[in-house]
Structures are given as C-alpha cells and as structure tokens.
Amino acid sequence: MGTRPKIIEFYGLPGCGKTTLCNALKEIYESKGFKVGTLPDATNQFSSVGLFHLLSLRDCFFLFKFYRSFINNNVYKSLVLSPIRRLLIYRYAKRKEDYDFLFIDHGAVQSVVRVLYEVENPLEFLKTPIVSDYYSMIPADMYINCRISSDEAFSRVRIRNRKNSGTFDQYPDEQLKQVLKGHITIFNNTEAILKNLDKKIYTIDCSVELDKCLSQVEKNIIIEYE
C-alpha cells in the first residue's frame with residue numbers, strides 16, 4: 001500500500017446495505033493488518049481550519065457556481081452544502097497517512113443524487129457540465145454500486161422503521177416507491193458520467209446475503225490494491 005489511503009465509496013438505494021458493508025469490511029481488513037477508516041472517522045478529523053489549504057481559487061469559484069446552480073433551482077441550501085462538504089472531506093482524507101483504506105457509505109455520489117432529486121428536472125440537470133465537473137474533482141479511487149430493486153429497497157426501508165432518521169423513512173408508501181424508482185434512474189445516469197470520467201466502478205448484487213456481498217466486494221478490492 002502507498003502512504004495515502006485508498007478511498008472507496010459505496011452508493012445505492014436506501015436499505016441496500018451500504019453502512020453494513022462498510023462496517024463489515026472494516027473489521028475484515030483490520031484483521032488483515034490494514035488501517036481502515038470510515039466517513040465518520042474522516043469527519044471527526046476534519047477541521048475547517050484547514051479548509052482553505054484544500055482548495056485553489058479556481059476550486060472555490062467552481063464550487064460557488066455549483067452551489068448557485070442548485071440554489072437557482074430552489075434546492076435547500078443545507079442539501080447543496082452536503083456534496084461540497086464531502087468533497088472537502090475526501091480532499092482532506094486523501095492527504096492523510098492515518099489509513100490504508102477509507103470506506104465511505106454516504107459520499108459524493110449519494111449526496112449529489114439526493115440533491116438532484118430536489119431539482120424540477122433532475123435528468124436534464126444531470127447532463128449539465130457542472131455535475132460531471134464536480135465528480136471529476138472527487139479523489140475517490142473506486143466506486144461500488146450496491147444494486148437492489150426499488151421494491152426490495154422499499155421493503156427494507158419499511159422494515160427498518162427509522163421514524164426519525166430522515167426524509168425517506170417518512171414518505172407515505174406510494175410516494176416512497178416513486179422516489180426510489182426515480183433514484184434508480186438518476187443512479188444509472190450518474191454511473192454513465194463516472195464511467196466517462198474513467199472512474200473505477202464495480203456493481204454488486206446486494207439482494208443476496210451479507211457474506212456473498214462481502215465476497216464480491218472484497219475480491220475486487222483485493223485485486224486492485226493488495
């Protein structure tokens with residue numbers, strides 16, 4: 001391994017198992033002797049004091065345009081700040097030598113898709129250069145698409161019953177089903193952008209048991225980095 005962490009982002013529908021996978025993989029790789037962090041670990045180390053050391057003036061100008069483009073589409077300010085904050089966390093973590101791996105279960109892709117769904121025409125907005133330019137700035141080394149059907153996601157969201165956990169869990173049934181189907185379409189289009197940017201993307205079937213998911217992911221990571 002090098003002196004900088006390999007950042008691996010997991011993305012997919014709510015309930016697909018991103019957090020469960022990250023935590024399980026962390027245990028596996030720590031047992032192999034690797035130093036592994038997750039997004040909360042990176043967040044806890046992230047300090048706004050070093051913020052301006054992470055961005056050039058060009059970066060700042062771009063992120064201002066990125067922010068304004070969503071605000072002009074009537075997206076809540078706090079939602080737009082989420083992908084920007086994740087960019088900064090990635091930049092910060094990439095410079096650290098604390099970890100060999102950093103597994104992120106709610107990162108740049110997930111945050112932008114969440115914001116895009118608040119735009120009136122998300123698929124049209126997704127085609128604008130501002131989105132692909134944002135993804136090109138993310139220093140993630142690999143993306144893992146945790147795929148499940150919208151019906152499976154719906155069932156899992158309802159089973160977990162996190163009444164106070166967030167927007168998804170509080171949608172009425174029919175609205176939630178439509179939102180999940182919309183997210184699948186946005187994820188598919190986002191994946192096309194990432195591939196055009198020559199990002200490393202693996203798709204795994206998360207409708208199976210956890211052990212099988214871990215086997216799929218671990219094999220790909222081992223091939224790439226061990």
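## Exercises on a predicted model

Of the 76 residues in the largest nonpolar core, F10, F70, F103 and Y134 touch the most other members. Helix α5 (residues 77-95) gives this core its largest share, nine residues. In soluble globular proteins, nonpolar side chains tend to be buried together. The model is predicted, and the exercises below work through it.

**Exercise 1. Describe the make-up of the protein chain, from its elements to its surface.**

Step 1. Count the elements: the protein chain has 12 helices and five strands.
Step 2. Turn to burial. Of the 226 residues in the protein chain, 49% are buried.
Step 3. Look at the contacts with a separation of 6 or more. Residues 24 or more positions apart account for 80% of them.
Step 4. Finish with the surface. About 11,400 Å² is exposed, and carbon and sulfur atoms supply 49% of that area.

**Exercise 2. Place β3 among its partner strands, and say which of its residues are buried.**

Step 1. Start with β1 (residues 6-11). Four bridges join β1 to β3, and the two run parallel. Here E9 stands opposite I104 in β3.
Step 2. Go on to β2 (residues 36-38). This strand also pairs with β3 in the parallel sense, over three bridges. V36 stands opposite F101 in β3.
Step 3. Check the faces of β3. F101 and F103 lie on one side, L102 and I104 on the other. All four are buried, so both faces are covered.

**Exercise 3. Trace the surroundings of F10 and H106.**

Step 1. List what F10 touches beyond four places in sequence. Among them are K18, C22, F103, H106, C146 and V217.
Step 2. Locate H106. It is found in the loop between β3 (101-104) and α6 (108-116).
Step 3. Classify H106. Its relative accessibility is 31%, so H106 counts as partly exposed.
Step 4. Find the contacts of H106, leaving aside neighbours within four places in sequence. They are F10, L39, R86 and S111.
Step 5. Compare sequence and space. H106 and K18 are 88 residues apart in sequence, yet 7.8 Å apart C-alpha to C-alpha.

**Exercise 4. Work out why C146 forms no bond with C206.**

Step 1. Recall the bond. A disulfide is a covalent bond between the sulfur atoms of two cysteines.
Step 2. Apply the cut-off: the two sulfur atoms must be within 2.5 Å.
Step 3. Test C146. Its closest cysteine sulfur, in C206, is 4.0 Å away, which is too far for a bond.
Step 4. Take the total: the structure holds zero disulfides. C22 is in none, and its nearest cysteine sulfur, that of C146, is 7.6 Å away.
Step 5. Add the burial. C22 counts as buried because its relative accessibility is 2%. C146, at 1%, counts as buried too.

**Exercise 5. Examine helix α11, its span and its buried residues.**

Step 1. Take the length. Helix α11 (residues 173-196) has 24 residues.
Step 2. Check the span. From first C-alpha to last, α11 reaches 35 Å, close to the 34 Å expected at 1.5 Å a residue.
Step 3. Pick out buried residues in α11, including L176, V179, L180, H183, I186, F187 and T190.
Step 4. Consider the spacing. An α-helix has 3.6 residues a turn, so residues three or four places apart point the same way.
Step 5. Look just after α11. There, D198 takes a positive phi of about 60 degrees.

**Exercise 6. Decide whether Y29 is buried or exposed, and find its separation from E218.**

Step 1. Place Y29 in helix α1 (residues 18-31).
Step 2. Its relative accessibility is 0%, so Y29 counts as buried.
Step 3. Y29 and E218 are 189 residues apart along the chain, and their C-alpha atoms are separated by 9.1 Å.

Conventions:
Residues numbered from 1 in each chain as written. Predicted model: local features only at pLDDT ≥ 70, side-chain atom pairs only at ≥ 80, totals over all residues. Heavy atoms only, no water. Core = buried A, V, L, I, M, F, W, Y, C linked by side-chain atoms within 4.5 Å. Buried < 20%, exposed > 50% of the residue type's maximum accessible area, 1.4 Å probe, protein only. Contact = heavy atoms within 4.5 Å. Expected span 1.5 Å × (residues − 1). Areas by Shrake-Rupley, 256 points an atom, 1.4 Å probe, with all protein chains shown as cover. Pairing = 2+ DSSP bridges.
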